[in-house]
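Morning, everyone. I have a few minutes on one model, so please look at the sequence and the structure first.

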Amino acid sequence: MSNLQHQTITNLPGKAVVPKTSPRFALGPLELNVIFTDPRGTCAALNFAQSYAHELGARIHLRAAIAVPFQLPLEEPPVPVSFLQETLRKLVSQLERDTFDPTVHLYLCRDRVRALSQALQPNSLIVIGGPRRWWPTAESRMAQALRSKGHRVIIVDSRARSGSAQPVFAR
């Protein structure tokens, strides 16, 4: 993982407690991995993931893989890390965190799909938010690449009304 730098943001405001009655799976609690695309798409994906995480007693992991061009050192992305951290904190702070505590992971990398593939457990459940279009989008291409690596990917339409985000499955 030489081309990957990982940072977990743990100092989020407030603490949440996982209910003791949450279902347990063979290898621990179910994990929903929300991939950061843009603020609007990620907000839709987080809202969708939150509704399912609450019902399933699952954990939410917000994962942001930021591609750094080869012209720049890996530690110096084009957007300051502090700005990225604040953006991710604001997105997570919009969630109702009464029953779970989401985790935010920030990866600085050269290739987003490769970095996410290295960071995710095999056969992970992934939620990606993006606009529904008839032509391929960056989000649908990322979803296809992650599916080809064996992950389960749900795409949520970010243009749907905020309270009624509906999943868009493989096309």
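**Strand E5 and its neighbours**

In strand E6, the bridge partner of Ile126 is Val153. Between those two strands, the chain leaves E5, passes through helix H4 (residues 138-148) and arrives at E6, a right-handed β-α-β crossover; right-handed means that, with the strands pointing away from the viewer, the path from the first strand over the helix to the second runs clockwise.

Before I go on: this is a predicted model, where local features need pLDDT of at least 70 and side-chain atom pairs count only at pLDDT 80 or more, while totals for chains, interfaces and linings use all residues. Residues are numbered from 1 along each chain as its sequence is written, and side-chain values use heavy atoms, with hydrogens and water left out.

Helices (H or I, at least four residues) and strands (E, at least two) are DSSP runs, numbered from the N terminus. Strands pair if DSSP finds at least two bridges between them. E5 and E6 (residues 152-157) run parallel, joined by six bridges. Strand E2 (residues 31-35) is also parallel to E5, with four bridges, and Ile35 stands opposite Ile128 in E5.

Is E5 buried or exposed? Five of the six residues of E5 (residues 125-130) are buried, so the strand is largely enclosed by the rest of the structure. Buried is under 20% relative accessible area, exposed over 50%, partly exposed in between (1.4 Å probe, protein chains only).

Cysteines next. There are zero disulfides, meaning pairs of cysteine sulfur atoms within 2.5 Å. Cys109 is buried at 0%; Cys43 is partly exposed at 21%.
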